[in-house]
Amino acid sequence: MLPSTQAGRWLLRRSQAVARFSSFRASAASLASRTGRCCSGYVVEQHYDRRRHDGGSLFHNNRHTVSSSSFCHRSITSSSTSSFSSHAAALENQADAYNEENEQITTVNQNDVRIINVENDGKHITLQFGSSSHDNNDYDNHPSSASSTSYHASWLWSNDPRHVVLPSGQRMSTPGQWCFSNSRPRIKDARIVYCNIEQKQTNEGTEADEENDSEMPTTTTGENSFESGSSKTTPATERIVVPGPTFTDCCHPLAIYGKYPAWISATTTSAAADNDVTTTQTNNDSTKRPYLQIVWSNTKPSTTSTNSQSEGDYESTKSIYDIEWLERFQYDDESRLRHRRRTEVQPINAIRKDGPPLWYSTPPSASMQTDLIPTHDANDGLIHVNYHSIIGDDGQILQEGLFQILHSVFRDGAAIVSNTPHSATNNNNHNISQLCHAVENMTEDELPVSKVAKAMSGSTLSHGSLYGNIFHVRVGERNANNVAYTSGALCPHQDLAYYESPPGMQLLHCVVMGNGVIGGESTLIDAMAAAYRLREVRPESFEILVKCPATFVKQRDGACMTYRRPHIALAASEEEEGGSVFDREITAVHWSPPFEGPVSLPPVQVDGYYEAYADFERMLNDGAITDTNNDEALDNNGGELSRYANEFTWEHKLNPGDMLVFNNRRMLHGRRGFSAAEGTSFEESQRHLVGCYTNIDDTLNSYRVLLRERGSAAPLLNVGNGTNISP
């Protein structure tokens with residue numbers, strides 16, 4: 001047990017956490033009703049000049065009031081003593097609320113984007129975004145009602161589109177350079193410019209203006225420059241160069257990739273009448289698109305001025321920002337919380353013992369599944385993708401099938417590739433030994449599991465130094481260097497947790513599963529969703545597992561690897577004093593009991609660590625407790641921890657031809673022990689799987705590129721690699 005003083009501290013924190021759960025509900029309910037985004041429909045040009053503003057400040061850091069316990073925004077229950085049946089019912093309601101929040105908005109609302117204020121001597125600008133809509137499957141991070149956000153001059157200057165080099169997208173200014181100038185650049189003037197986007201027409205078709213493939217001019221005047229002064233009303237036919245619209249996954253402030261040029265010629269009103277140039281509308285929603293134009297005030301005296309003390313004599317430069325891009329990267333408290341609510345893995349996202357994740361139960365997720373991926377299998381609850389829809393007969397990678405398997409795994413944590421060749425699908429026992437021998441002698445490029453893995457990762461396998469790029473999981477190896485090569489049970493774990501960067505995806509192709517094999521079922525449980533629930537029901541245990549590092553070990557002949565880190569990793573704190581562990585997003589779980597060594601902790605923390613470890617283990621391992629009465633005595637929640645494991649542990653005996661694909665960073669996998677039925681032949685008792693790994697970064701990159709090509713902005717869940725998804 002914990003020492004009395006420490007126990008008191010945990011109890012106090014626990015009571016505070018429960019109180020924060022309740023206090024947050026009002027804010028969470030309010031946020032849950034907000035959907036959609038604003039990207040078009042701006043009808044009024046707003047102009048603001050800091051020098052002419054005589055009103056008071058309207059902006060006070062735009063710090064929206066939310067509970068410090070923001071992690072429970074979709075809390076299953078506010079009480080750590082709630083019954084598990086209530087938890088299950090709440091999950092259903094949670095799925096409804098989640099999907100209602102993410103439902104598409106298709107109604108166009110013509111609202112303004114307004115500059116509310118430029119304050120603090122040009123250090124901040126506050127914009128108010130009106131509600132609007134979009135016409136694609138855009139599950140985004142934007143509110144449907146009006147919202148206001150402040151942007152710092154330092155942030156805007158660091159993200160100036162003029163600092164981006166084409167076509168690479170690299171930045172030619174550092175974030176620190178804003179601080180290096182004699183007087184840090186401030187916002188001298190700002191306005192919303194409402195533009196028609198144009199592209200020149202030629203006999204051969206549409207092409208970008210000759211200026212569009214170069215950086216935006218900053219000091220020239222004429223057709224493609226900011227001709228008008230910031231203090232003047234926009235002329236009817238003013239021509240400017242604006243950043244091209246970006247995809248919803250783009251962090252760059254201008255179009256580095258996609259159908260739009262990086263810089264696009266535009267007019268601030270209707271298209272200019274020009275005998276040599278006709279215009280084409282490039283925004284399907286509107287003939288106009290809003291941009292924020294900023295005039296910077298610098299300290300460098302003008303070369304034509306003799307009076308360096310006069311503000312009007314300072315040289316000014318102008319920057320222009322796409323309003324939709326600014327809206328996408330709002331960083332006020334409410335916007336960051338909204339983004340977190342869409343990316344943090346929770347129990348409604350987890351595969352279950354009795355079916356697929358609950359967030360598929362109501363629109364829009366249900367309709368999205370029909371549009372993008374097959375339905376979940378009625379028998380095992382996972383999505384199945386046919387091998388031949390991923391790899392063609394000629395070995396060519398088929399993009400649609402590849403997208404389906406990647407989308408399924410990154411959404412649910414796991415999926416199955418079915419009808420994989422070189423499998424004992426007909427259970428012809430006379431040929432099993434011959435088949436196994438043939439598979440063992442295939443080259444890496446010939447193996448189906450390798451072909452799928454390389455398609456997913458972009459051509460490479462990973463983490464092959466200990467077991468090889470390809471490993472065979474079967475019984476019979478002498479002096480097996482892993483328990484997996486025996487018939488024993490494997491508790492839920494992650495592979496290679498002793499690496500600084502463990503594998504991302506693991507693929508296991510079932511070549512043979514003999515009719516005489518008793519047991520041997522594969523198991524999965526979503527560790528990130530379980531950590532989310534642990535934080536709700538056992539906040540004191542959650543805090544210990546966040547703060548106390550475990551020791552992960554692989555040491556044998558030819559191997560000596562150790563790595564220390566906590567079992568649960570959180571996003572970096574955004575608070576000045578570090579913030580509470582309860583207020584930060586879960587970004588990774590590290591759990592591998594077979595490969596854990598002695599912990600090195602202060603004596604006062606040792607017992608508490610093992611108590612917390614036991615709590616989480618009961619949630620992750622449905623075989624950890626066999627005595628139900630003893631479990632309820634150990635668990636103050638009436639056995640809820642172990643019932644959670646029972647509810648969310650996926651268990652299925654793979655069939656020959658099944659290839660189980662799962663995210664090793666998010667999911668724990670295991671195996672039931674197995675044996676041969678009495679009287680079965682050697683052939684009938686064989687169980688042979690072939691496996692490999694891919695790198696999480698390469699695989700995620702493949703998925704996000706395919707997602708972009710399909711024009712989808714479906715929210716991405718955190719993948720377990722220690723960071724949250726952006727944008």
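This report walks through some unusual backbone spots and some ring contacts in the structure above. The model is a predicted one, so every value here is computed from predicted atoms.

**Backbone surprises**

Let's start with a rule of thumb: most residues other than glycine have a negative phi, and most peptide bonds are trans. With that in mind, have a look at some places that go the other way.

Which peptide bonds are cis? One of them runs from L166 to P167, with omega near 0°. You can find P167 in the loop between α3 (153-158) and α4 (177-180). Another cis bond joins S726 and P727, and its omega is about -5°. P727 belongs to the segment after α16 (696-709).

Now for phi. The table shows two residues that have a positive value although neither is a glycine.

| Residue | Phi | Where to look | Relative accessible area |
|---|---|---|---|
| N120 | about 55° | loop between β2 (113-119) and β3 (124-129) | 42% |
| S459 | about 125° | loop between α10 (448-457) and β14 (471-473) | 47% |

Are these residues buried or exposed? N120 is partly exposed, and S459 is partly exposed as well. The cut-offs help here: N120 counts as partly exposed because its 42% falls between the 20% limit for buried and the 50% limit for exposed.

**Rings that meet**

How many aromatic pairs does the model hold? The count comes to 18. One of them is formed by Y151 and Y331, an edge-to-face pair with 5.8 Å centre to centre and 85° between the planes. This pair links distant parts of the chain, with its partners 180 residues apart. Y151 sits in strand β4 (residues 147-152), while Y331 sits in the loop between α5 (323-328) and α6 (333-343). Their surroundings can be described too: Y151 is buried, with a relative accessible area of 0%, whereas Y331 is partly exposed at 23%.

Y498 and Y499 make a tilted pair, 5.9 Å centre to centre with 35° between the planes. Both of these tyrosines are buried.

Return to Y151 and Y331 for a moment, and you will meet some company. Together with W155, W325 and F329, they form one aromatic cluster.

**Charges over rings**

Finally, look for arginines placed over aromatic rings. The charged end of R687 sits over the ring of F674, 5.2 Å from the ring's centre. R708 lies over the face of Y257, and here the distance to the ring centre is 3.5 Å.

Conventions: Residues numbered from 1 in each chain as written. Predicted model: local features only at pLDDT ≥ 70, side-chain atom pairs only at ≥ 80, totals over all residues. Heavy atoms only, no water. Helix = DSSP H or I, 4+ residues; strand = E, 2+ residues; numbered from the N terminus. Buried < 20%, exposed > 50% of the residue type's maximum accessible area, 1.4 Å probe, protein only. Phe/Tyr/Trp six-rings, centres within 6.5 Å; stacked < 30°, edge-to-face > 60°. Lys NZ or Arg CZ within 6 Å of the ring centre and 35° of its normal.
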